[in-house]
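Trainee: I would like to go through this model one feature at a time. Please put it up and I will ask as we go.

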Amino acid sequence: NDEGYTEIQPCKVLAPYIRCYWGIPGCALNTASLESQLKESQPKLVIPDTCMDILFDIDTANGRVNDLFVGISDTTFIDHAQNTAYRKSLFAIRFYCWAVPLFSGESMQNIFNTSAGTDDYFKNFKRDLQDILFNTPFIYDRVPKIERYLIEKLDTNRQNPTVMNAVYAILKSRGTANIAEISEYAALSQRQLERLFLQFLGVTPKKLSGLVRYQYLWQD
């Protein structure tokens with residue numbers, strides 16, 4: 001948490017679905033602070049996790065919002081922070097991968113290791129949220145307004161109990177359960193479970209297990 005990045009935790013209602021909100025705490029950085037930040041910026045390691053993000057770059061000078069939906073990934077990369085000045089109005093929502101379908105309603109089949117326009121997966125999100133992003137410059141003020149919108153969009157009827165049972169088995173085992181054990185716990189064949197995972201999460205049960213195991217090893 002500093003001038004260049006901060007995370008805000010979700011409210012209790014959204015905590016099971018959203019990991020955090022992140023972006024810039026203020027509406028802008030003064031010139032001296034920005035120059036200092038750019039000089040001191042060091043390459044940052046970005047590691048795989050089990051989340052998906054919606055990112056909004058708010059270009060107040062041109063009255064434009066650039067958006068991106070970033071799917072679940074198993075790749076590591078270095079962020080050289082070359083766009084710090086441009087990204088001073090960045091706001092993002094980080095979802096747990098198993099929760100995205102409750103807000104999207106679209107298949108996650110093709111989102112692994114890739115990104116797309118927000119409207120491709122979240123209908124009208126950009127249209128509905130851009131007024132909040134423009135008119136509320138501080139990140140801490142944006143979150144309550146955006147959370148009210150997300151609560152309205154949350155549809156738990158889209159949740160697949162079989163998928164969630166399998167996700168629970170993966171998380172409980174810290175990613176060490178094999179596919180046969182996960183399938184048995186979910187009471188579904190391995191092939192059927194893999195098909196459902198690709199539809200709802202964008203990855204196979206084996207891949208999600210690997211990402212969960214990686215996160216625990218990294219944290220340890």
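Trainee: Is Arg94 buried or exposed?

Mentor: This is a predicted model, and the accessibility is computed from it. The cut-off for buried is under 20% relative accessible area. Arg94 has 16% relative accessibility, so Arg94 counts as buried.

Trainee: Which residue forms a salt bridge with Arg94 at 3.0 Å?

Mentor: Arg94 lies in strand β7, and the partner lies in strand β4, 41 residues apart. The partner is buried, and so is Arg94. With the closest N and O atoms 3.0 Å apart, the partner is Asp53.

Trainee: Which residues do salt bridges that share partners join into one network?

Mentor: Arg94 forms a salt bridge with Asp53. Arg94 also forms one with Glu7, where the closest N and O atoms are 3.7 Å apart. That second pair links strand β1 (residues 6–8) with strand β7 (residues 90–96), 87 residues apart. The network therefore consists of Glu7, Asp53 and Arg94.

Trainee: Why does Glu7 count as partly exposed?

Mentor: Partly exposed is the range between buried, under 20%, and exposed, over 50%. Glu7 falls in that range because its relative accessibility is 28%.

Trainee: How many residues apart in sequence are the parts tied together by Asp67 and Lys126?

Mentor: The side chains of Asp67 and Lys126 meet in a salt bridge, 3.1 Å from N to O. Asp67 lies in strand β5 and Lys126 in helix α4, so the parts tied together are 59 residues apart.

Trainee: How many salt bridges does a search of the whole structure find?

Mentor: In general, side chains of opposite charge can pair when their charged atoms come close. The pair of Asp67 and Lys126 is a salt bridge here. The search of the whole structure finds 8.

Trainee: What kind of pair do the rings of Phe69 and Tyr121 form?

Mentor: Both residues are buried. Phe69 is in strand β5 (residues 64–70) and Tyr121 in helix α3, so this pair ties together parts 52 residues apart in sequence. The ring centres are 5.2 Å apart and the planes stand at 55 degrees, so the pair is tilted.

Trainee: Which residues do ring pairs link into a cluster?

Mentor: The structure holds 12 aromatic pairs. One of them is Phe122 with Phe125, tilted, with 5.1 Å from centre to centre and 50 degrees between the planes. The cluster linked by ring pairs is Tyr17, Phe69, Phe95, Phe103, Tyr121, Phe122, Phe125 and Tyr149.

Trainee: Which residues have the most contacts inside the largest nonpolar core?

Mentor: That core has 51 residues, and helix α5 (residues 139–153) gives the most to it, with 5 residues. Leaving out residues up to four places away in sequence, Leu208 touches Thr50, Ile72, Cys97, Val167, Ile170, Phe197, Leu201 and Val203. The residues with the most contacts inside the core are Leu201 and Leu208.

Trainee: Where does Asn124 lie?

Mentor: Most residues other than glycine have a negative phi. Asn124 has a positive one, near 70 degrees. Its relative accessible area is 25%, so Asn124 is partly exposed. Asn124 lies in the loop between α3 (118–121) and α4 (125–135).

Trainee: Which other residue has a positive phi, of about 60 degrees, although it is not a glycine?

Mentor: The residue lies in the loop between α6 (161–172) and α7 (179–186). At 38% relative accessibility, it counts as partly exposed. The residue with this phi is Arg174.

Notes
Residues are numbered from 1 along each chain as its sequence is written. This is a predicted model: local features need pLDDT of at least 70, side-chain atom pairs count only at pLDDT 80 or more; totals for chains, interfaces and linings use all residues. Side-chain values use heavy atoms; hydrogens and water are left out. Helices (H or I, at least four residues) and strands (E, at least two) are DSSP runs, numbered from the N terminus. Buried means under 20% relative accessible area, exposed over 50%, partly exposed in between (1.4 Å probe, protein chains only). A nonpolar core is a set of buried Ala, Val, Leu, Ile, Met, Phe, Trp, Tyr and Cys residues joined through side-chain atoms within 4.5 Å. Contact means heavy atoms within 4.5 Å. Rings of Phe, Tyr and Trp (its six-membered ring) pair if their centres lie within 6.5 Å; planes under 30 degrees apart count as stacked, over 60 as edge-to-face and the rest as tilted. A salt bridge is a side-chain nitrogen of Lys or Arg within 4 Å of a carboxyl oxygen of Asp or Glu.
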